[in-house]
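Here is a note to read beside the structure, going point by point through the sheet, the charged pairs and the enclosed space. Please keep the model open while reading.

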Amino acid sequence: MEVTFLTTPESYGEIPFNLTGKDVYKCGIYFEDREENHRIKFCINWIEKIDRFPVYFLFEAYDFMTSEIEKGMSKKKILFNHYTYLDSHYYKGSIENIEQFKMIFPYIYGNGCMNQFAAVSLIEDVCYFQDTEPVINMKGNAIVIGVDLDGDAILFLSKNNNFSNLTDLIASLPSGVQYNFNEE
């Protein structure tokens, strides 16, 4: 897997969701590999290496997927709530281990690729709703990974001292990942 770090707002673009909080480290990670399964595997391996459970999630899903998603989460004993706002379905919950993450992350990533809101937060639950819109409140030691609206990249946000610079972020990557920089 090869990724490119997008280190300036000009290179990773606008953040595709409401964000509150100050002094947040931001970095885009662009996937050079076009295969969705490789991207999902990269993220799963990365979360397994970081090992910062619980992992919290909030994502928007299409109506036709809700039954399948809920069956899978129930089978893996993932704690979740289902919210409906203006015909949009959202799932918010927590993951306690990598096996649960392996089950739910393909849905999180897949829905993010289809222009739906999709994010996970490590250590702290920082996602909430304000006027039926999802918001991420960067507080404490928050670490958030948001799926870009077309799935070509993920946005890494951190207030955690262990992940507040590019050197630490590179060190956290799974073994074998090659990387480049785009600082336009």
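1. Before the sheet is described, one term is needed: two strands are said to pair if DSSP finds at least two bridges between them. In general, strands of a sheet pair through backbone hydrogen bonds, and they do so either parallel or antiparallel. The model shown here is a predicted one, and this should be kept in mind throughout.

2. The sheet is open and has 9 strands, which follow the order S5-S6-S4-S7-S10-S11-S3-S1-S12 with mixed pairing. Strand S5 (79-85) and strand S12 (178-182) are the edge strands; each has a single partner strand, so one side of each is left without a neighbour in the sheet. From one strand to the next, the twist averages 20 degrees.

3. One pairing within this sheet can be followed in detail, since strand S4 (residues 55-61) and strand S6 (residues 88-95) run in the antiparallel sense and are joined over 7 bridges. Which residue of S6 is the bridge partner of leucine 58? The partner is lysine 92, a residue that returns in the next point.

4. Side chains of opposite charge can pair when their charged atoms come close. Lysine 92 forms a salt bridge with aspartate 125, and the closest N and O atoms of the two are 2.8 Å apart. Aspartate 125 lies in the loop between strand S7 (118-122) and strand S8 (127-130), whereas lysine 92 belongs to strand S6, so the pair ties together parts that are 33 residues apart in sequence. Lysine 92 has 15% relative accessibility and counts as buried, because buried means under 20%. Aspartate 125, with a relative accessible area of 33%, is partly exposed.

5. The model has 4 salt bridges in total, and another of them joins the side chains of arginine 39 and aspartate 152, at 3.3 Å from N to O. This pair links distant parts of the chain, for arginine 39 is in helix H2 (residues 36-50) and aspartate 152 is in the loop between strand S10 (143-147) and strand S11 (153-158), 113 residues apart. Is arginine 39 buried or exposed? At 4% relative accessibility, arginine 39 counts as buried, while aspartate 152, at 22%, counts as partly exposed. Arg34 also belongs here, as Arg34, Arg39 and Asp152 are linked in a network of salt bridges.

6. A salt bridge within a helix is formed by lysine 102 and glutamate 99, whose closest N and O atoms are 3.4 Å apart. The two residues are 3 residues apart in helix H4 (residues 98-113), and therefore they are separated by about one helical turn. Both count as partly exposed, lysine 102 at 36% relative accessibility and glutamate 99 at 41%.

7. Finally, how many cavities of 30 Å³ or more does the model contain? There is 1 such cavity, and the space in it is about 30 Å³. Its lining consists of Cys43, Trp46, Ile47, Phe101, Phe105, Val120, Ile145 and Ile154. H2 and H4 each supply at least two of these residues, and H2 gives the largest share, with 3 residues. By type, the lining divides into 8 nonpolar residues, no polar and no charged ones.

How values were computed
Residues numbered from 1 in each chain as written. Predicted model: local features only at pLDDT ≥ 70, side-chain atom pairs only at ≥ 80, totals over all residues. Heavy atoms only, no water. Helix = DSSP H or I, 4+ residues; strand = E, 2+ residues; numbered from the N terminus. Axes fitted to C-alpha atoms, helices over the stretch in contact; angles between N-to-C directions. Buried < 20%, exposed > 50% of the residue type's maximum accessible area, 1.4 Å probe, protein only. 1 Å grid on protein atoms, 1.4 Å probe; cavity = no way out; pocket = protein on both sides within 12 Å on 5 of 7 lines; lining within 4 Å. Points joined across faces, edges and corners; volume = space filled by probe spheres on them. Nonpolar A, V, L, I, M, F, W, Y, C, P; charged D, E, K, R; others polar.
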